Amino acid sequence: MKRFSRAKFFKGMNLTVFTFAMLFLYIPILILVIYSFNDARIVTSWKGFTLKYYGQLFRNVAIRQAFLNTMLIAVLSTVISTLLGLLTALGLENKKLKGRKGFMGLLYAPLVMPDILMGVSLALLFNFLRVNTGMWTVLIAHVTFCVSYTVIVIQSRLEGFDNSLIEAAMDLGAKPSTTFFKVKLPLIMPGVIAAALLSFTLSIDDFIITFFTSGRGFDTLPIYVEGTIRRGTITTINALSTLVIGLTLLLVVFTKRIRKSLISSF
Amino acid sequence: MKNSVKSNKLDYLLAAPTLIWLTIFFLVPYLIVLIYGFLTPDIFDVKFEFNLDAYRQLLDGTYFRPFLLSVRLAITTTLLCILIAYPVAYLIARASDKVKNTLLILIIIPFWTNLIIRIFSWRIFLSYNGVMNNILMRIGLISQPLEIMRTDLAVIMVMVYVYLPYMILPLYSVLEKLDFTLLQAAMDLGATEVKAFFKITLPLSLEGIFAGVLLVFIPSLGTYLIPQLVGDQRSLYVGQVITYKIKNIPRNWPMASALSFGLLVLVAFFLLLGYILLRKSKVRGVV
């Protein structure tokens, strides 16, 4: 009897902590969404429903430009880092490769470094080389912090790969290239998509590395938002944030398979 | 034999582009950080003249406080994350498959929402005439608004908020694989619930805790954005000091380089410490 009640106590405690954790995670976001429709300059009280901030948002040229910059960098860095990641993961499948361990170390190193160090070191590199910072330097930086993730996510998919399928295809007379494109690539595709999605998310989320590697005149959305918060004109940021949160929700809900692949790579 | 040499060559070729990329854009930049630390600062740039001032200042205690604050913040954040994440991960791991999926989505949504937007939402929540103060005053818990924004408490709250999913997910993936019949067996043999937890569940989930600590503690050491947006501007963290030295005029890039190097050493120290602890616990046979 006593044991039973103790088990119940544990379960109750877990549930309580869980509930608090959920409230903790969601209340700020929820408030942000609600206030994006609030017809008041400051966020103290509810003054009625409005969509005017969304109107301001869409008319704002700087935000539109920042959004386009973000997407451009995200798409390009995703394509490049996923391609690099796929090639590397395939190459490193060969466990007998000389120097493999050292290379793996180099791949993991960026993951255990605080972002700010990558930002500072790249900023100094571009200064040393006398390169003008802008779109290209941001793109280079984004590929650099994404590529380790893409390699690792695709590698974890390759780990469970059944090589007898390749042998079967070869036995049946398929050329190596055919085997790769018709058998192997389709089978590891969920991993490739997960890697691409992860690097896309990392790219649009990054503030600090972009902050150090973007020049004046090339703002991504996080950079623009930070600048706006600092200047104190925040009303459109509520609306912008709500749109971003909505997009995230859609992405998370509609990508079940990819999500699973992402969780299993943890 | 010939075939394997050939395929080795191909494998090198496949891996080479990333290897070259990371060498140029990850390793070489650290070398430059090392060099810049010994140069002379200029208002907008650096002068290529040898100078030991930056490292002297790094070691003479001028910048001791930002480092101390950052380590303290990283430790506090990590501990709070473990305390909250463990019950949450445990609950998810033991839920039925259908519920499990929903709960995981709930954890991932904030994780995928833009970082700066989440921090911004906390500013609204915590501000002097913000929502939390309004609620607390309305239910009569406080008579005057609390000044939480721009305090160390605000920094800790937002840090835990941002890094919590990074602790929950690795813990979950370890706990999910845990064989819960072991617990049942221990309890059948007379162990209490508490004892079974400390003797079985906790040791078996150590690897998840280590992974989580790695994902939370290390980035916390270099954090800039959170203290910048919600913290007290009188207590600066290492990340902020480095950023100011790079961005604000007069610039002091040698100092920023020396501080970055200090942070790098600190990170390496903690990684080594973690590695030794993990090895030790493996030798003792708990993991």
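This text leads through a predicted model, beginning with the surface shared by chain A and chain B and ending with one residue of chain B.

The contact between the two chains draws on 81 residues from chain A and 90 residues from chain B. Between them, an area of about 8300 Å² is buried, and carbon and sulfur atoms give 78% of that area.

Turning to the polar side of this interface, the rule finds 1 salt bridge across the boundary of chain A and chain B. In a salt bridge between the two chains, the side chain of A:R130 meets the side chain of B:D45, with a distance of 2.9 Å from N to O. Beyond salt bridges, one can also count polar contacts, and between chain A and chain B there are 15 residue pairs in polar contact, where both residues have pLDDT 80 or more. On the side of chain A that touches chain B, helix α1 of chain A, residues 2-35, supplies the largest share, with 19 residues. Sorted by class, that side of chain A holds 59 nonpolar, 13 polar and 9 charged residues.

The last stop is within chain B, where B:L266 has its place in helix α13, which covers residues 253-283 of that chain. Which residues does B:L266 contact, once its neighbours within four places in sequence are left aside? The residues in contact with B:L266 are then B:F67, B:V71 and B:L221. For one of them, B:F67, the separation from B:L266 along the sequence is 199 residues, while the C-alpha atoms of the two residues are 9.1 Å apart in space.

How values were computed. Residues are numbered from 1 along each chain as its sequence is written. Chains are lettered from A and ligands numbered from 1 in the order in which they are written. This is a predicted model: local features need pLDDT of at least 70, side-chain atom pairs count only at pLDDT 80 or more; totals for chains, interfaces and linings use all residues. Side-chain values use heavy atoms; hydrogens and water are left out. Helices (H or I, at least four residues) and strands (E, at least two) are DSSP runs, numbered from the N terminus. Contact means heavy atoms within 4.5 Å. Buried area is the accessible area (1.4 Å probe) that two parts lose on being put together, summed over both. A salt bridge is a side-chain nitrogen of Lys or Arg within 4 Å of a carboxyl oxygen of Asp or Glu. A polar contact is a pair of N or O atoms within 3.5 Å; within protein, one must be able to donate a hydrogen and the other to accept it, and residues adjacent in sequence count only if both atoms are side-chain atoms. Ala, Val, Leu, Ile, Met, Phe, Trp, Tyr, Cys and Pro count as nonpolar, Asp, Glu, Lys and Arg as charged, and the others, Gly among them, as polar.
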